[in-house]
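Open the model in your viewer and get ready to select residues by chain and number. We will go from stop to stop, and at each one you will find something to look at.

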Amino acid sequence: MHVDRTPWYVYAAVLAAGILAPIVFPAYTTQIALLWLMILFALTWDILGGQMGYNSLGNIFFFGAGVYISAVVQIGIFTDVGAYTSARGGEQLVLGYFDYFGSLFAGMGAAAIGAALLAIVLGWVLLGLRGPYFAIGTLGLALSARELAGAWEWIGGGTGVPMPIYPGLPHEKSVVFYIAYFIMAIVTFLTVRWLYSTRFGLAINAIRDDEEKAEAMGIHTTRHKVVAWAVAAFFLGMSGAAFGNIIGYVEPQEVAFPTVTFGIFMVVMSLLGGKGTLWGPVIGATLFHIIKEATWTYMLGWQWVALGVLIVVNVVFFQQGILGWVQEKWPERFGLVVEEDPGEDQTAGAAAE
Amino acid sequence: MNSVIEVKNVSKAFGGVQANHDISLAVPEGKITGLIGPNGSGKTTLFNSIVGYHPIDSGSILYEGHEISDLRVPQIARLGMLRTFQQTRIYGNMNCVKNMLISVPHRKAAFMDMFRPYRAELTEKAENLLEFVGLYAKRRLKAGDLSFGQQKLLEFAMALMNEPTVLLLDEPTAGINPTLINGLIDRLKRANTEFGITLFIIEHNMRVIMNMADTVYCLAHGELLASGPPEEIQNDQRVIDAYLGAH
């Protein structure tokens with residue numbers, strides 16, 4: 001039950017930044033679109049990692065599943081998937097606006113629902129693992145999915161699948177997918193904000209603090225854990241669907257299951273911003289993405305070293321993250337009370353009915 | 001008299017250690033029943049067996065006449081039988097009120113109920129119960145920052161919030177300041193009389209258990225040694241021997 005005390009002007013500023021950014025920096029539209037994707041990554045990772053205490057290293061699996069589900073749906077509407085992929089890009093789909101967007105929406109919907117269903121099925125098994133075992137189990141899930149996708153010829157194997165060509169100009173495509181990621185990030189944020197204000201939020205916090213106690217109190221722990229993962233998977237799957245279309249080409253290593261980049265970034269961003277908080281993942285993702293883009297531009301060759309240093313400093317010296325640190329410093333600003341409050345009617349007594 | 005819990009010939013071994021052997025006892029509805037015995041006599045094992053923490057080797061456990069020895073912990077908890085832990089367990093990173101709110105009964109929780117917000121009456125009820133155990137002033141503090149004794153009181157309040165039929169308390173007064181113990185005894189008794197909760201209590205403090213319980217069972221070496229009203233147990237030579245180590 002987190003009461004969101006964010007002042008309205010913060011929301012207004014984020015909205016304004018989101019709308020103005022691609023207008024002011026049209027050349028960076030795709031990079032800023034990826035910033036919204038990073039925010040979505042961090043927010044969905046934090047549902048389990050921060051709020052529920054289940055550190056997943058394999059959430060990228062649902063992203064990749066979304067990439068592939070959407071590709072299969074988008075192509076399957078117009079042609080035979082097996083024949084299309086075996087042509088190795090010889091006959092890339094060229095569609096009109098109506099067909100393109102119709103199939104894109106169908107693909108995104110199928111990817112979101114498909115990923116959520118996968119999370120429900122896999123969750124029944126994997127969410128029985130605790131602590132480091134869950135982390136390793138989910139990492140195995142992502143890695144094995146990558147290998148499987150690389151070996152499965154029907155979906156193109158290691159060569160991959162060329163996606164339908166966007167019917168308009170390249171910049172128009174960037175703007176369209178910018179809007180898609182901007183909206184997805186906002187919807188994800190509003191969804192987790194709402195979730196954390198319900199019983200669900202308290203229940204997953206209880207699971208984080210002491211799962212055995214939660215069971216002993218009769219909380220439906222499995223139900224909550226599975227739903228939490230399914231919500232994360234829903235948005236990850238949807239974002240994966242869009243990602244395959246932005247790149248224009250789907251393959252397992254770099255696009256669908258980039259475990260050591262996106263898969264690790266989502267963890268790092270949540271930790272950097274402050275896991276278990278509403279805004280922490282947003283702040284962490286924004287900062288991380290800016291640092292990443294800057295090091296890619298100005299320290300080429302050293303970018304991985306710079307990111308590695310950032311991760312080490314974060315984990316060793318700064319575990320609570322930026323927002324976590326701010327909350328410790330000024331708890332009263334966040335409605336976290338550290339002193340006793342005698343209240344007005346201590347003598348009323350025996351009021352328990 | 002109706003028995004809420006009936007334990008029949010229950011045995012439980014961990015490897016070569018026979019923690020419980022052929023134990024039978026009954027917890028009458030609406031009463032306070034005590035369970036005593038020296039350290040390692042199998043009291044907590046019996047509690048764990050009853051609440052479904054581990055499967056039993058043989059015997060049967062009935063709750064309100066239904067077999068529950070094959071149910072799991074959360075299922076049994078949702079039937080209305082709750083336990084508190086010897087090593088107090090609360091949700092350390094949440095404040096006291098939140099600890100209370102998440103402890104509402106989950107008996108009738110339908111799937112969609114998990115997406116409901118909390119009604120104001122629940123917060124009020126949570127605060128009233130915190131008042132009842134004397135933690136009202138600390139209701140907005142992080143539960144993990146409370147002292148051990150206060151955490152015990154919070155755990156007790158959380159159990160009351162769950163409106164159980166039976167409450168199994170594992171050493172409720174251990175680690176509590178002696179001056180607070182009287183207050184706790186009083187509250188346990190009121191939980192029994194005012195809220196109608198059947199209590200089943202493991203306790204080492206003889207003054208406490210003899211003062212409260214209607215019936216006392218004594219375990220030693222995993223077996224039931226004696227049972228009866230407190231006066232009788234207090235003067236039972238076998239019980240005295242067991243505690244003094246003559247057994």
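**Stop 1: the nonpolar core**

Begin with Met38(A), Phe41(A), Ala115(A), Tyr181(A), Ala233(A) and Ala157(B): of the 184 residues in the largest nonpolar core, these touch the most other members. Next, colour helix H2 of chain A, residues 29-52, which gives the most to this core, with 16 residues. Keep in mind as you look around that this is a predicted model.

Now centre the view on Tyr181(A). Which residues is Tyr181(A) in contact with, leaving aside its neighbours within four places in sequence? You should find Ala33(A), Trp36(A), Leu37(A) and Ala242(A).

**Stop 2: two helices side by side**

Tyr181(A) also takes part in the meeting of H7(A) with H10(A), so-called here by their numbers along the chain. Select residues 170-196 of chain A for helix H7 and residues 221-247 of chain A for helix H10. Their axes come within 11 Å and cross at roughly 175°. An angle over 145 degrees counts as roughly antiparallel, and H7(A) and H10(A) are therefore roughly antiparallel to each other.

To see where they meet, show the side chains. On H7(A), pick Phe177(A), Ala180(A), Tyr181(A), Met184(A), Thr188(A), Thr191(A) and Leu195(A). On H10(A), their counterparts are Val231(A), Phe235(A), Met238(A), Ser239(A), Ala242(A), Asn245(A) and Ile246(A). Try colouring this contact by class: you will get 10 nonpolar residues, 4 polar and no charged.

**Stop 3: where the chains touch**

Bring both chains into view. How many residues of chain B are in contact with chain A? There are 34, and they are in contact with 29 residues of chain A. On the chain B side, helix H2 (73-79), strand S6 (81-83), helix H3 (96-101) and helix H4 (120-132) each supply at least two residues. By class, that side of chain B has 19 nonpolar, 6 polar and 9 charged residues.

**Stop 4: an open sheet in chain B**

Stay with chain B and switch to a cartoon view. Here 4 strands form an open sheet in the order S2-S1-S4-S5, with antiparallel pairing. The edge strands are S2 (17-28) and S5, each of which pairs on one side only.

Select S1 (residues 3-14) and S4 (residues 58-63) of chain B, which pair over 5 bridges. Two places to zoom in on are Lys8(B), which stands opposite Ser60(B), and Glu6(B), which stands opposite Leu62(B).

Then follow S4(B) to S5 (residues 66-67) of chain B, joined to S4(B) by 2 bridges. Tyr63(B) has His66(B) as its bridge partner. This hairpin has 2 residues between the strands, and Glu64(B) takes a positive phi near 50° there.

**Stop 5: an enclosed strand**

For the last stop, select strand S3 of chain B, residues 32-36. Is S3(B) buried or exposed? 5 of its 5 residues are buried, so S3(B) is largely enclosed by the rest of the structure. In a regular strand the side chains alternate between the two faces of the sheet. Look at S3(B) from each side: Ile32(B), Gly34(B) and Ile36(B) are buried on one, and Thr33(B) and Leu35(B) are buried on the other.

Finally, add the partners of S3(B). Strand S8 (residues 198-202) of chain B runs parallel to S3(B) and is joined by 4 bridges; look for Thr33(B) opposite Phe200(B). Strand S9 (residues 215-220) of chain B also pairs with S3(B) in the parallel sense over 4 bridges, and there Ile36(B) stands opposite Cys218(B).

Terms used: Residues are numbered from 1 along each chain as its sequence is written. Chains are lettered from A and ligands numbered from 1 in the order in which they are written. This is a predicted model: local features need pLDDT of at least 70, side-chain atom pairs count only at pLDDT 80 or more; totals for chains, interfaces and linings use all residues. Axes are lines fitted to C-alpha atoms, for helices over the stretch in contact, and angles run from 0 to 180 degrees between N-to-C directions. Angles under 35 degrees count as roughly parallel, over 145 as roughly antiparallel, 65 to 115 as roughly perpendicular and the rest as oblique. Two residues are in contact if their C-beta atoms, placed from the backbone, lie within 7 Å. Ala, Val, Leu, Ile, Met, Phe, Trp, Tyr, Cys and Pro count as nonpolar, Asp, Glu, Lys and Arg as charged, and the others, Gly among them, as polar. Two strands pair if DSSP finds at least two bridges between them. A nonpolar core is a set of buried Ala, Val, Leu, Ile, Met, Phe, Trp, Tyr and Cys residues joined through C-beta atoms within 7 Å. A residue is buried if 20 or more other C-beta atoms lie within 10 Å of its own, exposed if 12 or fewer, and partly exposed in between; C-beta atoms are placed from the backbone.
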